[in-house]
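Here is a short tour of one protein model, written to be read with the coordinates open beside it. Take a first look, and then we can go through it part by part.

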Amino acid sequence: MRNGLENYHTHTARCKHASGSVADYAKNAVKNGIAVLGISDHTPLPDGRWLNVRMHMDDLAGYIAEIRAAQKAHPGLIILTAVECEGFTEYNTFYRDTLLNEHHMDYLIGGNHYFRVNGTMSGVYDNAAMDLPALHAYADHVIATIASGLFAFVAHPDLFGYSYLNWDAETVAISRDIASAAASYRIPLEINGYGMRKPAVKSETGMRAPYPLEKFWEIAAAYDISVVANSDAHRPEDVAAGIAEGSALASRYGLRLADIRGHIGNGRQNTTVNPAL
């Protein structure tokens, strides 16, 4: 393990729901003792879908150039180039050919916020829509994302806890299915620190963080998986927030911390690993 913290999940103002530039995050990373900083804003999509929460395709070159400039300005800090991707199969060619092979992204994150229920698009933040069919559709979508082999890790697999507020036999079942898929495909799952900073939600057992869900990770610990604890920072001052807490959660349940270096370049046809790793 390297000396210093590692955070592989960071957003900038380009996604329209975060603040700060790459340079701002790099400066705060140095101040907070971070050794590896992954910049991973929401990917643009070739069809322009969900532009309210992601950059436009025309912004991609500038995004990469901004990261390259920060790398030069902070040679003592490993800064990696990444994006967070919705795991829909219709984008897999774009993810592989354009992001990984053409633009040489160091890695991609599979981070699902949308999913289809009986052919209709739904969102995990739509509380009214998270009924049992939606819960299972979400889980199936996460499992397909894991199985794609394109992603270095899958972010916040327990994000369903934001809008499905009960813990029941159905959540137990999908938690087992997700963890089993992660074990089978040897893809790490992320303990996401952003949920710790969000307003609590009211569940049947009282107020709790929307995610991470302790019961999910207790179940996941029964499977041969690895995990990564990230901040999912949306403000420069949060660049290290939640990492220690996520690591402590992993330790409580005996979850093995992943070495993300081994997953850099997932899905790339001609893998060229960052020489600093």
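## Burial, and a histidine to begin with

A residue counts as buried when its relative accessible area is under 20%, as exposed when that area is over 50%, and as partly exposed in between. With a relative accessible area of 1%, His156 is therefore buried. Please keep in mind throughout that this is a predicted model.

His156 sits in the loop between β7 and α5, and its phi is positive, about 25°, although it is not a glycine. Another histidine invites a look beside it: His104, in the loop between α3 (92-102) and β4 (107-110), also has a positive phi, of about 55°. His104 is partly exposed, its relative accessible area being 45%. As background, most residues other than glycine have a negative phi, and most peptide bonds are trans. On the subject of peptide bonds, the one from Tyr211 to Pro212 is cis, with omega near 0°. Pro212 belongs to the loop between β10 (206-208) and α6 (214-220).

## The chain as a whole

The protein chain contains seven helices and 12 strands. Its radius of gyration is 17 Å, close to the 19 Å that the globule rule gives for 277 residues, so the chain is as compact as a globular protein of that length. Along the principal axes, the C-alpha atoms fill a box of roughly 50 × 40 × 35 Å.

Of the 277 residues, 55% are buried. The chain exposes about 11200 Å², and carbon and sulfur atoms supply 51% of that area. Among contacts between residues at least 6 apart in sequence, 77% join residues at least 24 apart.

## Helix α1 and its neighbours

Which residues of helix α1 (residues 22-31) are buried? They are Val22, Tyr25, Ala26, Asn28 and Ala29. An α-helix has 3.6 residues a turn, so residues three or four places apart point the same way. The buried residues of α1 pack against β2 (34-42), α2 (60-73) and β3 (78-85).

Asn28 deserves a closer look: its relative accessible area is 19%, and it is buried. Leaving aside residues up to four places away in sequence, Asn28 touches Pro236, Glu237 and Val239. After the helix comes Gly33, with a positive phi near 75°.

## A strand covered on both faces

In a regular strand the side chains alternate between the two faces of the sheet. Strand β8 (residues 189-192) has both of its faces covered: Leu189 and Ile191 are buried on one side, and Glu190 and Asn192 are buried on the other. Four bridges join β8 to strand β11 (residues 226-230), and the two run parallel. Opposite Glu190, in β11, stands Val228.

## Aromatic rings

How many aromatic pairs does the structure hold? There are 12. One of them is formed by Tyr125 and Tyr162, whose ring centres are 4.7 Å apart and whose planes meet at 85°, so the pair is edge-to-face. Tyr125 lies in the loop between β6 (120-123) and α4 (132-147) and Tyr162 in the loop between β7 (153-154) and α5 (169-185), so the pair ties together parts that are 37 residues apart in sequence. Tyr125 is partly exposed at 36% relative accessibility, and Tyr162 is partly exposed at 23%.

Elsewhere, Phe115, Tyr138, Phe160, Phe216 and Trp217 form one aromatic cluster. Finally, Arg49 lies over the face of Trp50, at 5.0 Å from the ring centre.

Technical notes:
Residues are numbered from 1 along each chain as its sequence is written. This is a predicted model: local features need pLDDT of at least 70, side-chain atom pairs count only at pLDDT 80 or more; totals for chains, interfaces and linings use all residues. Side-chain values use heavy atoms; hydrogens and water are left out. Rings of Phe, Tyr and Trp (its six-membered ring) pair if their centres lie within 6.5 Å; planes under 30 degrees apart count as stacked, over 60 as edge-to-face and the rest as tilted. Buried means under 20% relative accessible area, exposed over 50%, partly exposed in between (1.4 Å probe, protein chains only). A charge sits over a ring if NZ of Lys or CZ of Arg is within 6 Å of the ring centre and within 35 degrees of the ring normal. Contact means heavy atoms within 4.5 Å. The radius of gyration is taken over C-alpha atoms; the globule rule is 2.2 Å times the number of residues to the power 0.38. Accessible areas come from the Shrake-Rupley method with a 1.4 Å probe; for residues, only the protein chains shown count as cover. Two strands pair if DSSP finds at least two bridges between them.
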